[in-house]
Amino acid sequence: LEPCCGIGNMIGLASKEMPIAFTCCELDPTSAVIARAIYPDVQVNCIGFEHFHAEDYFDACFTNVPFGDYPPKLRFQDPYFSLKPLIHDYFLLKIIDALRPGGVAVTITGKGTMDKVSTGVRKLLAGKADLIASFRLPDCTFVDNADTQVTTDLIVWRKRRPTEKPSSETFTALATDPTSKL
């Protein structure tokens with residue numbers, strides 16, 4: 001799953017030696033057309049991820065979620081409507097929902113999810129998935145590739161099976177690392 005594929009940068013980074021069947025969403029019609037032209041064997045849906053329905057379906061997700069201080073435009077029926085999450089938090093929650101139990105998501109997101117004072121979204125994520133790894137990337141990581149200087153987190157999640165207990169909930173609270181050099 002690539003829920004916000006743009007023109008397909010993440011698809012292009014995938015190993016050519018592994019048979020991977022991508023399903024992608026892209027809100028912007030021009031970007032979706034470009035992605036389809038570059039990757040004709042990939043299913044690119046020109047639709048916002050909030051309108052894409054697939055629960056417990058995908059084995060894996062690799063994406064750079066959109067991030068910002070704005071909520072997505074959700075329908076009343078959306079399970080996260082009353083939460084009013086910011087766009088990056090919404091994508092993370094919906095990605096976990098889309099994974100099969102045992103599925104893995106590798107996500108790049110803004111620092112907001114892990115840094116915000118409110119623990120609501122992190123607790124919801126912890127209720128569904130285990131945090132496998134999390135790395136704070138330097139703010140210069142995407143300067144050459146995307147001409148942007150922003151602090152981002154690379155987070156790896158694994159959706160739990162219904163009978164599994166959480167491996168850890170340590171990521172729900174805020175903490176500082178005195179040894180960090182970032």
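Two strands count as paired if DSSP finds at least two bridges between them. The exercises below apply this rule and others to a predicted model.

**Exercise 1. Work out which strands pair with S4, and in which sense each pair runs.**

Step 1. On one side, strand S3 (residues 58-64) is joined to strand S4 (residues 99-110) by six bridges, and these two strands run parallel. Within this pair, Cys-61 stands opposite Ala-105 of S4, and Ala-60 has Val-104 of S4 as its bridge partner.

Step 2. S4 also pairs with strand S6 (residues 152-159), here in the antiparallel sense and over seven bridges. Thr-107 stands opposite Ile-155 in S6, while the partner of Val-104 in S6 is Arg-158.

Step 3. Taking the bridges of Val-104 together, this residue is partnered by Ala-60 and also by Arg-158 of S6.

**Exercise 2. Give the strand order of the open sheet, and explain which strands stand at its edges.**

Step 1. The sheet has four strands in the order S3-S4-S6-S5, and its pairing is mixed.

Step 2. S3 and strand S5 (129-137) each have a single partner strand, so they stand at the edges, and one side of each is left without a neighbour in the sheet.

Step 3. From one strand to the next, the twist averages 5 degrees.

**Exercise 3. Place helices H3 and H5 relative to the strands, and state the handedness of the unit that contains H3.**

Step 1. Helix H3 (residues 87-98) forms, together with S3 and S4, a β-α-β unit that is right-handed.

Step 2. H3 lies across S3, S4, S5 and S6, and the angle at which it runs to S4 is about 160 degrees.

Step 3. Helix H5 (residues 120-128) lies across S5 and S6, running at about 130 degrees to S5.

**Exercise 4. Describe the largest nonpolar core, and find which element gives the most residues to it.**

Step 1. This core has 27 residues, of which Leu-1, Phe-49, Phe-52, Phe-58, Phe-91, Leu-125 and Trp-157 touch the most other members.

Step 2. Two or more residues come from each of the elements S3, H3, S4, H5 and S6, and H3 gives the most, with eight residues.

Step 3. Phe-91, when residues up to four places away in sequence are not counted, touches Pro-3, Cys-4, Phe-49, Val-65 and Pro-66. A second core, separate from this one, has nine residues, including Phe-22, Ala-32, Ala-35 and Val-42.

Step 4. As general background, nonpolar side chains in soluble globular proteins tend to be buried together.

**Exercise 5. Count the disulfides, and explain the result for Cys-24 and Cys-25.**

Step 1. The test is that two cysteine sulfur atoms lie within 2.5 Å, and by this rule the count is zero.

Step 2. Cys-24 is in no disulfide, the nearest cysteine sulfur being that of Cys-5, 4.5 Å away. For Cys-25, the closest cysteine sulfur is in Cys-24 at 7.7 Å, which is too far for a bond.

Step 3. Buried means under 20% relative accessible area. Cys-24 counts as buried because its relative accessibility is 0%, and Cys-25 is likewise buried, with a relative accessible area of 0%.

**Exercise 6. Locate Asp-56 and Lys-84, and compare their phi values with the general expectation.**

Step 1. Most residues other than glycine have a negative phi.

Step 2. Asp-56, although it is not a glycine, has a positive phi of about 55 degrees. Asp-56 is found in the loop between strand S2 (43-45) and S3, where it is partly exposed, with a relative accessible area of 42%.

Step 3. Lys-84, also a residue other than glycine, has a positive phi near 50 degrees. Its place is in the loop between S3 and H3, and Lys-84 is exposed, with a relative accessible area of 60%.

**Exercise 7. Describe the surroundings of Glu-55.**

Step 1. Glu-55 lies in the loop between S2 and S3, and it is exposed, because a relative accessible area of 60% is over the 50% cut-off.

Step 2. Once neighbours within four places in sequence are left aside, Glu-55 is in contact with Asp-97 and Ala-98.

Step 3. Tyr-80 is 25 residues from Glu-55 along the chain, and the C-alpha atoms of these two residues are separated by 14 Å.

Notes. Residues are numbered from 1 along each chain as its sequence is written. This is a predicted model: local features need pLDDT of at least 70, side-chain atom pairs count only at pLDDT 80 or more; totals for chains, interfaces and linings use all residues. Side-chain values use heavy atoms; hydrogens and water are left out. A crossover is right-handed if, with the strands pointing away from the viewer, the path from the first strand over the helix to the second runs clockwise. Buried means under 20% relative accessible area, exposed over 50%, partly exposed in between (1.4 Å probe, protein chains only). Axes are lines fitted to C-alpha atoms, for helices over the stretch in contact, and angles run from 0 to 180 degrees between N-to-C directions. Contact means heavy atoms within 4.5 Å. A nonpolar core is a set of buried Ala, Val, Leu, Ile, Met, Phe, Trp, Tyr and Cys residues joined through side-chain atoms within 4.5 Å.
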